[in-house]
Amino acid sequence: MNINERRLVVVSNRLPIVIGQDEDRWTIGPGSGGLVTALAPVCRARHGLWIGWPGCGEGPPLDELFATFGAEQGYRLSAVPLSEEEEDRYYRGFSNEALWPLFHDLLGHCSFVRENWETYLEVNRRFAQVVAGEAQDNDFIWIHDYQLSMVGAQLRQMGLDQPLGFFLHIPFPSPDLLRRLPWNRELLKALLQYDLIGFQTVRDRRNFVNGVLALIPDVQVERRGRQHTRMRVGGRTVKVGHFPISIDFAEFNDLAKSEEVSDAAWYLHENLEGRQVVLGVDRLDYTKGIPQRFLAFERTLEKYPELRRNITLLQVVVPSRTQVPDYQNLKELLDQIAGRINARFGEPAWIPIHYVFRCLDRVQLLAHYRAAEIALVTPLRDGMNLVAKEYCASSVEANGVLILSEFAGAADQLGKNALLVNPYDLDATADALFRASQMPAEERRRRMVLLRGQVRRYDVHRWVRSFMSTLDGG
Ligand code: ADQ
């Protein structure tokens, strides 16, 4: 059966919903974010199903809310409830304190706890049970991200033989790093139960293939293609590909041109009194390199005193994983560094770093992108980094400069026309900032037009199509 004739079942840690309360009435609506934008139309077209953790306790009447959502959005939802202890061990403990730092090459943040691993397995089994309970013969089941790596293997154990795809949104570590994980073989073997495993970049895909060849006996590489590698595992063929995720370019471009966003961008810039605005937008996360970014900005002000008073770093951080101690410490560290730099260089009429800790709504987010002459996207490691792509799609006047970390997956596609930096190299980042601030309008335009073209061609809809057609094709 052709993949396009199959019903799509998406499985992710969180359901793509926002549950709220309007006076004494519960409400439900679609969540925001790239994955929802990309997959919701496909789910709708195929009367699909999305399975995940609703992210709320027992308060809201889920059956009723899901019925409303299904009628309005055209696809169904199914919930995997988690107890507080499971959430703590599976989500915070194993997913975010073992896999997340390890896969981002940050071994120092890892904590490997057997009980957390066991709960991770249990919760993955629970997800698989819900999927198996809902599954039909004509399904294509697409599982997302590091929290759910073992679901496919559990489904196979339960006897399901529908096509199973898995996409990893974060980087995949080198074999050397992967060896540090006490359960590395279990993890690799489970991943090999999928029919197609998708990564963000060629490097992640290569790391996975090399990890498998180093750690799992009796697996052969059948063919290495440009888009995917075919591996032979116990009589089955598994495809391992790379599919750089993207955004809905048209949506960002159109909204960025709207009067609402233009006005908001103008006000934002007016408030910063005509200075060049350097923008950082991130979830609170130690992988995003925010402290290093502050220090590189400080280095810029030291090294290029002519930029003082003429440049402002606007850093917006959205709260995230606030239960994890490393994230609480990071928040304190940021407050401290920003305060120190502002005290060192600030003047009554100029604050070097404007640092805000909140989530921006769409209009404000795009206004920030439009108002910023320079985007400073400098993660220490990142699967892709959508902020870099959103900035380009929103730069409708094609006058922004993107400074991008060479360790973001996005560097593969955008590196040629962005200014690439090593975020650990404060001097080089300071030099790139200076160069961006002095870049002639013509060069800004030439680079940004090419960047926008790249994001427009490889948008998120193409990402979905290319994953599905690889699963289907030879
Ligand atoms: P994330 O680590 O969450 O995603 P990223 O790709 O940068 O990282 O996406 C963050 C999203 O949050 C963006 O859409 C951005 O607009 C939004 N955002 C950030 N700060 C915000 C703020 N203050 N207010 C409002 N919105 C804000 C993971 C991987 C990435 C990979 C994506 C998709 O870690 O590498 O690109 O999945 O696969």
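This dialogue goes through salt bridges, the ligand shell, backbone angles and sequence-versus-space distances in a predicted model.

Student: What are the ground rules for the numbers here?

Tutor: The model is predicted, so to speak of a local feature takes pLDDT of at least 70 and to count a side-chain atom pair takes pLDDT 80 or more, while totals for chains, interfaces and linings use all residues. Residues are numbered from 1 along each chain as its sequence is written, and side-chain values use heavy atoms, with hydrogens and water left out.

Student: How many salt bridges are there, by what rule?

Tutor: Side chains of opposite charge can pair when their charged atoms come close. The rule asks for a side-chain nitrogen of Lys or Arg within 4 Å of a carboxyl oxygen of Asp or Glu. The count is 29 salt bridges.

Student: Which parts of the chain does the pair D139 and R7 tie together?

Tutor: First the contact: D139 and R7 form a salt bridge with an N to O distance of 2.7 Å. D139 belongs to strand β6 (residues 139-144) and R7 to strand β1 (residues 7-14), so the bridge ties together parts that are 132 residues apart in sequence. Helices (H or I, at least four residues) and strands (E, at least two) are DSSP runs, numbered from the N terminus.

Student: Are D139 and R7 buried or exposed?

Tutor: Accessibility is read in three classes: buried is under 20% relative accessible area, exposed is over 50%, and partly exposed is in between, with a 1.4 Å probe and protein chains only. Both D139 and R7 are buried.

Student: What is the N to O distance between R309 and E347?

Tutor: The closest N and O atoms of this salt bridge are 2.5 Å apart. R309 sits in the loop between α11 (290-303) and β13 (311-318), and E347 in the loop between α12 (325-345) and β14 (353-357), so the bridge ties together parts that are 38 residues apart in sequence. R309 is partly exposed, at 42% relative accessible area, and E347 is partly exposed too, at 34%.

Student: Where do E443 and R447 lie?

Tutor: Both are in helix α17 (residues 441-457), four residues apart, which is about one turn of the helix. Their side chains form a salt bridge of 2.9 Å, N to O, and E443 and R447 are both buried.

Student: Which residues are linked in a network of salt bridges?

Tutor: The network links E298, R299, E302, K303, R340, R344, D427 and D431.

Student: How many residues surround the ligand?

Tutor: A residue is near a molecule if one of its heavy atoms lies within 4 Å of it. Here 22 residues surround the ligand, the closest being H169, L360, D382, M384 and E390. They divide into twelve nonpolar, four polar and six charged. In this scheme Ala, Val, Leu, Ile, Met, Phe, Trp, Tyr, Cys and Pro count as nonpolar, Asp, Glu, Lys and Arg as charged, and the others, Gly among them, as polar.

Student: Which elements and domains supply the shell?

Tutor: β12 (276-283), β13, α13 (362-371) and α14 (386-394) each supply at least two of its residues. Domain 1 (3-245 + 461-472) and domain 2 (249-457) both give residues to the shell, so the ligand lies between them. The domain bounds come from an automatic or database domain assignment.

Student: What lies 2.7 Å from an oxygen atom of the ligand?

Tutor: A polar side-chain atom of H169 does. A polar side-chain atom of D382 is 2.5 Å from a ligand oxygen, and for L386 a backbone N or O atom is 2.8 Å from one. The protein covers 85% of the 720 Å² of accessible area that the ligand has on its own, by the Shrake-Rupley method with a 1.4 Å probe.

Student: Which residue other than glycine has phi near 75°?

Tutor: R309, the loop residue met above, has this positive value. A398 is not a glycine either, and its phi is positive at about 50°. A398 is in the loop between α14 and β16 (401-405) and is buried at 6% relative accessibility.

Student: How far apart in space are C359 and D282?

Tutor: Their C-alpha atoms are 9.5 Å apart, with their positions 77 residues apart in sequence. C359 is in the loop between β14 and α13 and is exposed at 58% relative accessibility. V240 and V316 are 76 residues apart in sequence and 36 Å apart in space, C-alpha to C-alpha. V240 is in strand β11 (residues 236-242) and is buried, at 0% relative accessibility.

Key: A polar contact is a pair of N or O atoms within 3.5 Å; within protein, one must be able to donate a hydrogen and the other to accept it, and residues adjacent in sequence count only if both atoms are side-chain atoms.
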